[in-house]
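Colleague: Please take a close look at the part of this model where the helices pack. I would like to see what they touch and how they are set against their neighbours.

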Amino acid sequence: MSNQTTINLEINGQAHALAVEPRVTLLDALRDHLELTGTKKGCDQGQCGACTVHVDGERVLACLTLAVQVEGRAVTTIEGLSDPGAELHPVQAAFLEHDAFQCGYCTPGQIMSAVSCIREGHAGSDDEIREYMSGNLCRCGAYPHIVEAVREAAKVMS
């Protein structure tokens, strides 16, 4: 008898059928089963934000979300923010322009949170950006550049 169940996921606009154990997290399904390694595994406890993705347009910590929980919902990872060969998403471009990263490990999660921050109207001031982005940690301390990037991207996206 198998402990696996088949789930149907929509990741970055593409349908995927996966045979996984019911306890597999969305993060592990993305990285280990679909080879979408842009979403990072940081603390694996929901404290660092490195695994941030969007589920039905809202930010979610993939390490705390079971893959079976997102069946039938639209999941967007850092790889799906813009179409292959298309221009970068405005947040991605702003992160590059403002050097809003150093080692880059937290960058995918920071960008996914920044997109949500802007979409949800939480980029009105630097303090608001810092508060809304506080769930995403950067060990390198690139926070001033991240805030600048979010502020600029918010202007472009408005």
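**Helices, sheet and contacts**

Modeller: The search of the whole structure turns up six salt bridges. Keep in mind that this is a predicted model. One of the pairs is Asp-28 with Lys-41, whose closest N and O atoms are 2.8 Å apart. Asp-28 sits in helix H1, while Lys-41 is in the loop between H1 and S3. The two residues are 13 apart, and their pair links distant parts of the chain. Side chains of opposite charge can pair when their charged atoms come close.

Now the sheet, since helices lie across it. Five strands make an open sheet, in the order S2-S1-S5-S3-S4. The pairing is mixed. Strand S2 (14-20) and strand S4 (58-61) are the edges, each pairing on one side only. From one strand to the next, the twist averages 40°.

Take S1 and S2. They run antiparallel and are joined by seven bridges. Ile-7 is opposite Leu-18 of S2. Asn-8 has Ala-17 in S2 as its bridge partner. The hairpin of S1 and S2 has two residues between the strands. There, Asn-12 takes a positive phi near 50°.

S5 is another partner of S1. Strand S1 (residues 5-11) pairs with strand S5 (residues 74-76) in the parallel sense, over two bridges. Glu-10 faces Ala-74 in S5. Ile-11 has Val-75 as its bridge partner in S5.

Next, the helices that cover the sheet. Helix H1 (residues 26-33) lies across S1, S2, strand S3 (52-55) and S5. H1 runs at about 100° to S2. H3 lies across S3, S4 and S5, at about 45° to S3.

H3 also meets other helices. Two packed helices are described by the angle between their axes and the distance between the axes. Start with helix H2 (residues 90-97) and helix H3 (residues 107-119). Their axes come within 9 Å and cross at roughly 125°. Angles between 115 and 145 degrees fall in the oblique class. H2 and H3 are therefore oblique to each other. H2 passes H3 in a right-handed crossing. On the H2 side, the contact uses Val-91, Gln-92 and Phe-95. On the H3 side, Thr-107, Gln-110, Ile-111, Ala-114, Val-115 and Ile-118 take part. The residues of this contact of H2 with H3 are six nonpolar, three polar and no charged.

Which helix comes next to H3 within 10 Å, axis to axis? Helix H5 (residues 143-157) does, and the axes of H3 and H5 cross at roughly 45°. That angle makes H3 oblique to H5. The crossing of H3 and H5 is right-handed. From H3 come Gln-110, Ala-114, Cys-117 and Ile-118. They meet Ile-146, Val-150, Ala-153, Ala-154 and Met-157 of H5. By class, the contact of H3 with H5 has eight nonpolar residues, one polar and no charged. Look at H3 again: Gln-110, Ala-114 and Ile-118 are found in its contact with H2 and in its contact with H5.

H2 and H5 meet as well. They pack at an angle of about 140°, and their axes are 8 Å apart. H2 and H5 are therefore oblique to each other. Their crossing is right-handed. H2 supplies Pro-90, Val-91, Ala-94, Phe-95 and Glu-97. H5 supplies Ile-146, Ala-149, Val-150, Glu-152, Ala-153, Val-156 and Met-157. The contact of H2 with H5 divides into ten nonpolar, no polar and two charged residues.

Some residues serve two contacts here too. In H2, Val-91 and Phe-95 meet residues of H3, and they also take part in the contact with H5. In H5, Ile-146, Val-150, Ala-153 and Met-157 meet residues of H3, and these residues of H5 also appear in the contact with H2.

Notes
Residues are numbered from 1 along each chain as its sequence is written. This is a predicted model: local features need pLDDT of at least 70, side-chain atom pairs count only at pLDDT 80 or more; totals for chains, interfaces and linings use all residues. Side-chain values use heavy atoms; hydrogens and water are left out. Axes are lines fitted to C-alpha atoms, for helices over the stretch in contact, and angles run from 0 to 180 degrees between N-to-C directions. Helices (H or I, at least four residues) and strands (E, at least two) are DSSP runs, numbered from the N terminus. Angles under 35 degrees count as roughly parallel, over 145 as roughly antiparallel, 65 to 115 as roughly perpendicular and the rest as oblique. A crossing is left-handed if the near helix is turned anticlockwise from the far one by less than a right angle, and right-handed if clockwise. Contact means heavy atoms within 4.5 Å. Ala, Val, Leu, Ile, Met, Phe, Trp, Tyr, Cys and Pro count as nonpolar, Asp, Glu, Lys and Arg as charged, and the others, Gly among them, as polar. Two strands pair if DSSP finds at least two bridges between them. A salt bridge is a side-chain nitrogen of Lys or Arg within 4 Å of a carboxyl oxygen of Asp or Glu.
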